Amino acid sequence: MTPPTHLDPSSLGTREYWDSAYTTERANFSANTEDEGTVWFSDAGAEERMCSFLEDLAEEGELVKEDSSDVEESANGAGEKKQAKTRFLDLGTGNGHLLFSLREDGWEGDLVGVDYSAQSIRLASEILASKPQDTHSGISFFEFDILSPLSPPPAWLAEGFDVLLDKGTFDAISLSDEKDAQGRRIVEGYRESVERLVKSGGRFLITSCNWTEEELRAWMEGEQSAFVYEDKVKYPSFTFGGKTGSSVCTICFRRR
């Protein structure tokens, strides 16, 4: 597939913008701990829909919410190995709200959030410290640019993740006019960078307001891609000019 036409660059594609935004949100949180900052795409209920989609996968036995890695003895005395709990990586975690929601929904696996903004990681860590530790353990945040080399691989990567989450990060990267070593806009290296982080057979759930379903698939699929389309999250649709769509889309890809 041919990638869609690039978006015009914007300040939302710069590290300076996000450092400034999260510095403000840290100050707001310090003054009022109930103010945890912006939840992106909240008007569309994107986070709730992503969590519901993941819940459905758990009910289908595709993902594991609770720790079931122990060997359980069956009626005939044979040991049966259960699936390990699902590990999540949130790309461009911001204030960490999506990971907190997953933990509060009962997901017990490791929850890791990364962001290239140091202020984002400080904010998410400060919010985490304010949460009850008996219910929010196993959540961690790291400053990391997902487009940077993985040499040596960070310890938090371990053997990779079962589910990668992106809620607006690809959108922000799409608005950057930075170039990579090959002279391409950095968004063109996004898919390859993300593929390194997910296990074989794992899932990548991405939410966007800048790209349509067809455009996201054009960016993420192709002969050189490890991703294949699996499903999409349903949103209320509208019709305009003879075309039907929604303002936000969420696509699930599976790593071959």
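This report describes a predicted model of one protein chain, from its overall make-up to its pocket, cores and backbone details.

## Overall make-up

The chain holds eight helices and 11 strands. It has 256 residues, and buried ones make up 46% of them. About 13,000 Å² is exposed, with carbon and sulfur atoms supplying 47% of that area.

Contacts reach well along the sequence. Among those with a separation of 6 or more, 71% join residues 24 or more positions apart.

## The largest pocket

The largest pocket has a volume of about 680 Å³. Its lining counts 38 residues, and those closest to its centre are Trp 18, Gly 92, Gly 168, Thr 169 and Ala 172. By class, the lining has 17 nonpolar, 12 polar and nine charged residues.

Several elements contribute. Helix 1 (15-31), helix 3 (97-104), strand 4 (111-115) and helix 6 (169-174) each supply at least two lining residues. Helix 6 gives the most, with four.

## Two nonpolar cores

In soluble globular proteins, nonpolar side chains tend to be buried together. Here the largest nonpolar core has 34 residues. Leu 54, Phe 88, Leu 102, Phe 141 and Leu 165 touch the most other members. Six elements each supply at least two residues of this core: helix 1, helix 2 (46-59), helix 3, helix 4 (118-130), strand 5 (139-143) and strand 6 (161-167). Helix 2 gives the most to this core, with seven residues. Apart from it lies another core, of 29 residues. Ile 173, Tyr 190, Val 198 and Met 220 are among the members of that other core.

Leu 54 shows how the largest core is knitted together in sequence terms. Setting aside residues up to four places away, Leu 54 touches Leu 63, Phe 88, Leu 102, Trp 107, Val 163, Leu 165 and Leu 205.

## Helix 3

Helix 3 is largely enclosed by the rest of the structure, because six of its eight residues are buried. The buried ones are Leu 98, Leu 99, Phe 100, Ser 101, Leu 102 and Arg 103. Helix 3 supplies at least two residues to the lining of the largest pocket, and at least two to the largest core.

Just after helix 3 comes Gly 106, with a positive phi of about 100 degrees.

## Helix 8

Helix 8 spans residues 213-220. Its buried residues are Glu 213, Leu 216, Ala 218, Trp 219 and Met 220. What covers them includes helix 6, helix 7 (190-195), strand 7 (198-208), strand 8 (227-233) and strand 11 (249-255). Helix 6 is also the element that gives the most to the lining of the largest pocket.

Gly 222 sits just after helix 8 and takes a positive phi of about 135 degrees.

## The segment before helix 1

Pro 9 is found in the segment before helix 1. It counts as partly exposed because its relative accessibility is 46%, and the cut-offs for that class are 20% and 50%.

Which residues does Pro 9 contact, leaving aside its neighbours within four places in sequence? They are Leu 175, Asp 177 and Arg 185. The C-alpha atoms of Pro 9 and Ser 174 are separated by 7.7 Å, although the two residues are 165 apart along the chain.

## Unusual backbone geometry

Most residues other than glycine have a negative phi, and most peptide bonds are trans. Phe 41 has a positive phi, near 65 degrees. Ala 158 has one too, near 50 degrees. Phe 41 lies in the loop between helix 1 and helix 2, while Ala 158 lies in the loop between strand 5 and strand 6.

Are these two residues buried or exposed? Phe 41 is buried because its relative accessible area is 15%, under the 20% limit. Ala 158 is exposed because its relative accessible area is 55%, over the 50% limit.

The loop between strand 5 and strand 6 also holds Pro 152. The peptide bond from Ser 151 to Pro 152 is cis, with omega near -5 degrees.

Conventions:
Residues numbered from 1 in each chain as written. Predicted model: local features only at pLDDT ≥ 70, side-chain atom pairs only at ≥ 80, totals over all residues. Heavy atoms only, no water. 1 Å grid on protein atoms, 1.4 Å probe; cavity = no way out; pocket = protein on both sides within 12 Å on 5 of 7 lines; lining within 4 Å. Points joined across faces, edges and corners; volume = space filled by probe spheres on them. Nonpolar A, V, L, I, M, F, W, Y, C, P; charged D, E, K, R; others polar. Buried < 20%, exposed > 50% of the residue type's maximum accessible area, 1.4 Å probe, protein only. Contact = heavy atoms within 4.5 Å. Areas by Shrake-Rupley, 256 points an atom, 1.4 Å probe, with all protein chains shown as cover. Core = buried A, V, L, I, M, F, W, Y, C linked by side-chain atoms within 4.5 Å.
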